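Thanks for making the time. I will put the structure up and then go through a few of its elements.

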Amino acid sequence: MERAEFDKFADEYEALHRANLAASGEAPEYFAEYKVRDLERLLRARHPGGAALRLLDFGAGIGASIPFLRKYLPDAQITCVAFDGARLPFGDSSFDCIFAGCVFHHVSPSAHHRLLGEFRRVLQHSGRLMIYEHNPLNPLTVRTVRACPFDDNAILLRAGILRAELERAGFENPEARYRVFFPRALRWLRPLEDALDWLPLGAQYYLTATR
């Protein structure tokens with residue numbers, strides 16, 4: 001999506017997003033925190049509490065993840081960025097981790113390779129990448145995205161396609177995990193979600209890879 005398309009929704013983004021997620025029984029904050037908890041778990045061994053972590057939050061939007069990044073990774077140095085489509089405004093090896101939460105479905109597929117190349121450039125050697133995305137194999141996710149005004153031009157991506165793009169861009173050990181299986185009405189089943197992360201029916205998924 002072009003920046004102008006996002007801008008026209010900027011003033012009402014939060015209200016639209018909240019209304020769009022109403023069927024799940026959860027507010028946008030639930031999903032933002034869910035993602036950051038997964039990110040913290042990925043980084044815990046090397047950067048407990050965000051220690052010595054230089055984190056790029058790519059496509060941060062209105063900053064929904066920031067309160068939770070501060071909660072779960074309090075010692076991290078966090079950078080948010082707007083991208084001109086050509087080059088990230090950072091030097092080589094500037095970050096230990098890049099987090100992109102539900103951004104790639106707004107990026108033209110023809111631009112994925114260039115963007116992933118930029119991610120690889122600004123990540124340090126052995127740096128980690130986490131990309132969270134909507135799962136097009138989940139019919140409720142597809143319906144929710146289709147009903148969302150600022151997702152008019154969204155192109156949902158299967159995990160296998162994005163994994164192959166990561167490999168072509170030179171990333172190592174890409175791995176997919178499926179997440180967000182149960183709405184609030186079935187929240188008593190949520191303790192099972194970690195054991196179900198292999199099942200490609202979650203509302204979202206994430207891919208991790210190493211530089």
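I will take strand 1 and its partners, then the cores, then helix 3, and end with the cysteines.

One caution before that: this is a predicted model.

Let me begin with strand 1. Four of its five residues are buried, so the strand is largely enclosed by the rest of the structure. Strand 1 has a parallel partner in strand 2, residues 77-81, and five bridges join the two. Within that pairing, Leu56 stands opposite Thr79 of strand 2. To get from strand 1 to strand 2 the chain passes through helix 4, residues 66-72, and this β-α-β crossover is right-handed. Strand 1 also runs parallel to strand 3, with four bridges between them. There, Asp57 stands opposite Phe99 of strand 3. As a general reminder, side chains in a regular strand alternate between the two faces of the sheet.

Now the cores. The largest nonpolar core has 31 residues. Which residues have the most contacts inside it? They are Phe58, Phe104, Leu116, Phe119, Leu129 and Phe171. Several elements supply at least two residues each, among them strand 1 (54-58), strand 3 (95-101), strand 4 (123-134) and helix 7 (159-168). Helix 5 gives the largest share of this core, four residues.

Take Phe104 as an example. Leaving aside neighbours within four places in sequence, Phe104 is in contact with His112, Leu115, Leu116, Phe119, Ile131, Glu133, Leu157 and Leu162. Separate from the largest core is a second one, of 23 residues, which includes Leu55, Phe68, Met130 and Val180.

Next, helix 3, residues 28-43. What span should its 16 residues have at 1.5 Å a residue? The expected value is 22 Å, and the end C-alpha atoms are 23 Å apart, which agrees. Helix 3 is mostly covered, with twelve of the 16 residues buried. The buried set includes aromatic positions such as Tyr30, Phe31 and Tyr34. Charged residues are in that set too, including Glu33, Lys35, Asp38 and Glu40.

Last, the cysteines. How many disulfides does a search of the whole structure find? Zero. For Cys97, the nearest cysteine sulfur belongs to Cys80 and is 13 Å away. Cys97 has a relative accessible area of 0%, so this residue is buried. Cys102 is at 15% relative accessibility and therefore also counts as buried, the cut-off being under 20%.

That is the end of my part.

Notes: Residues are numbered from 1 along each chain as its sequence is written. This is a predicted model: local features need pLDDT of at least 70, side-chain atom pairs count only at pLDDT 80 or more; totals for chains, interfaces and linings use all residues. Side-chain values use heavy atoms; hydrogens and water are left out. The expected span of a helix is 1.5 Å times one less than its number of residues. Buried means under 20% relative accessible area, exposed over 50%, partly exposed in between (1.4 Å probe, protein chains only). A nonpolar core is a set of buried Ala, Val, Leu, Ile, Met, Phe, Trp, Tyr and Cys residues joined through side-chain atoms within 4.5 Å. Contact means heavy atoms within 4.5 Å. Two strands pair if DSSP finds at least two bridges between them. A crossover is right-handed if, with the strands pointing away from the viewer, the path from the first strand over the helix to the second runs clockwise. A disulfide is a pair of cysteine sulfur atoms within 2.5 Å.
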